[in-house]
Amino acid sequence: MDTPVNKIDVKRETAALLEKLGVEASAYISGDLASFTPVTGDQIASLKTHSTADAEKIIDKADEAFRKWRLVPAPKRGELVRLLGEELRAAKADLGRLVSIEAGKIPSEGLGEVQEMIDICDFAVGLSRQLYGLTIATERPGHRMMETWHPLGVVGVISAFNFPVAVWSWNAALALVCGNAVVWKPSEKTPLAALACNAIFARAAKKFGDAPEGLSQVLIGDRAIGEVLVDSPKVPLVSATGSTRMGREVGPRLAKRFARSILELGGNNAGIVCPSADLDMALRAIAFGAMGTAGQRCTTLRRLFVHESVYDALVPRLKKAYTSVSVGSPLETSALVGPLIDKPAFEHMQKALKEAANNGGAITGGERVDTGQANAYYVKPALVEMPKQVAPVTEETFAPILYVMKYSDFDEALRDHNAVGAGLSSSIFTLDLQEAERFLSVDGSDCGIANVNIGTSGAEIGGAFGGEKETGGGRESGSDAWKAYMRRATNTVNYSKALPLAQGVSFDIE
Ligand code: UN1
């Protein structure tokens, strides 16, 4: 372990970064929401929180902003998002560092997250001229049928600690070009990054000139604040990222008032390593997928099925990577694995490992790494060889645990691959075209993301991001995910002098 971080320095550095990013000190020095850094476990700020009454007011203001913003032509709305992208470019180093402080990400991942924000802004700017509707052949002469996409309203965003800034931007960049306003409830574990994004947005809005006030706002507080967002009749869409348990509560509540949801919930992502796999490549992809971000991505690789013919060539090398991987402070060392977010995360990990051992698992790693700081939770990532896919393999534990299982029959591996509740991301490592195509086919992987010869995590923003089954079915980010942020109107225009009815119906009044 490298030198422990001086806690006063982290607190000071945080304040300096926030000031540079444009956040008023009054927002985080004497409030009632304590914010911690997982890097040292120390408190770094106390944020002012919103009451539920404040939240109602914020939503009202967003609704007013929406009513003005929807009248602004979409390419002009794109200009605001272009400016947001520019501000993010300028703030990349500081915001990336803040993400490292607040979420414990290593520097390249903190910066990578901000890069994802920049990328989605670029994507959304182009999209602002491409909110296309179809023209559809009609069965009636002298008629034209078409689709028009209209802005939807206030979009609620609920995000998790592990991507404290990117998830907001995927939603906000699209929502804004689509003509919507945004109200964001970040995780209580990473509220400072949200304040920073708010300040960055404010700068872009100022440069834009006449963006309505309240177009993008942040709600700081606990679950009760999120509930206001979920229950408000002024919020027609909530995009929520978090656990499947959270989604089970949020989804039905939204459905009850016929609001839309984009749910991005748990993942229990798996990879299959086939006999022909390029093992050097697989090794690197598995290491990043399973140990990167300390196993705290929703796309983290959690299960690995390795063909018996390559098991002994791959798994010992993988174990070596697990024992030798550097674990340490992302602020002061070049370690590849930073801390877990908090003590409960560590406890869940230990509980899962115990259960795995009880079910015949052979564990490499998994122990706490002592940094001399009682409240920081660093662990060696754990590789667990399991005789078969039994609990806790079938559950997502948000920690760096990779369960490895041997297979002999491809169909069986595929079946086991799909035999879990979540359906987010998946990978196959093979040079055999038939296996690769089968994995991507109708009876292959049942996930929203299925990859060949790359890992499960680290998706680009250009594709639609999200998953099936208990992952919630939502799609964010690229491709045509924008459609979820707009309402579709089908328009039929009669430019003839007659009134033919569809389906040959006659209804002639005198
Ligand atoms: C998440 O963990 O919530 O594909 C999102 C990835 C990132 C996004 C992860 N681009 O790993």
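1. Welcome to this structure: the protein has 13 helices and 23 strands, taken as DSSP runs of H or I with at least four residues for helices and of E with at least two for strands, numbered from the N terminus. This is a predicted model, in which local features need pLDDT of at least 70, side-chain atom pairs count only at pLDDT 80 or more, and totals for chains, interfaces and linings use all residues. Residue numbers start from 1 along each chain as its sequence is written.

2. Along the principal axes, the C-alpha atoms fill a box of roughly 85 × 60 × 35 Å. Of the 510 residues, 53% count as buried, that is, with 20 or more other C-beta atoms, placed from the backbone, within 10 Å of their own.

3. Now the interior. The largest nonpolar core has 150 residues; such a core is a set of buried Ala, Val, Leu, Ile, Met, Phe, Trp, Tyr and Cys residues joined through C-beta atoms within 7 Å. Helix H3 (residues 74-103) gives the most to this core, 11 residues. Domain 1 (52-97 + 106-265 + 472-489) and domain 2 (269-465) both contribute residues, so the core lies between them; the domain bounds come from an automatic or database domain assignment.

4. A second, separate core has 8 residues, among them Val420, Ala422, Ile449 and Phe465.

5. Finally, the ligand. Residues around the ligand include Glu116, Phe163, Arg297 and Cys298, where a C-beta atom, placed from the backbone, within 6 Å of the molecule qualifies a residue. Both domain 1 (52-97 + 106-265 + 472-489) and domain 2 (269-465) supply at least three residues each to this shell.

Definitions and conventions
A residue is buried if 20 or more other C-beta atoms lie within 10 Å of its own, exposed if 12 or fewer, and partly exposed in between; C-beta atoms are placed from the backbone.
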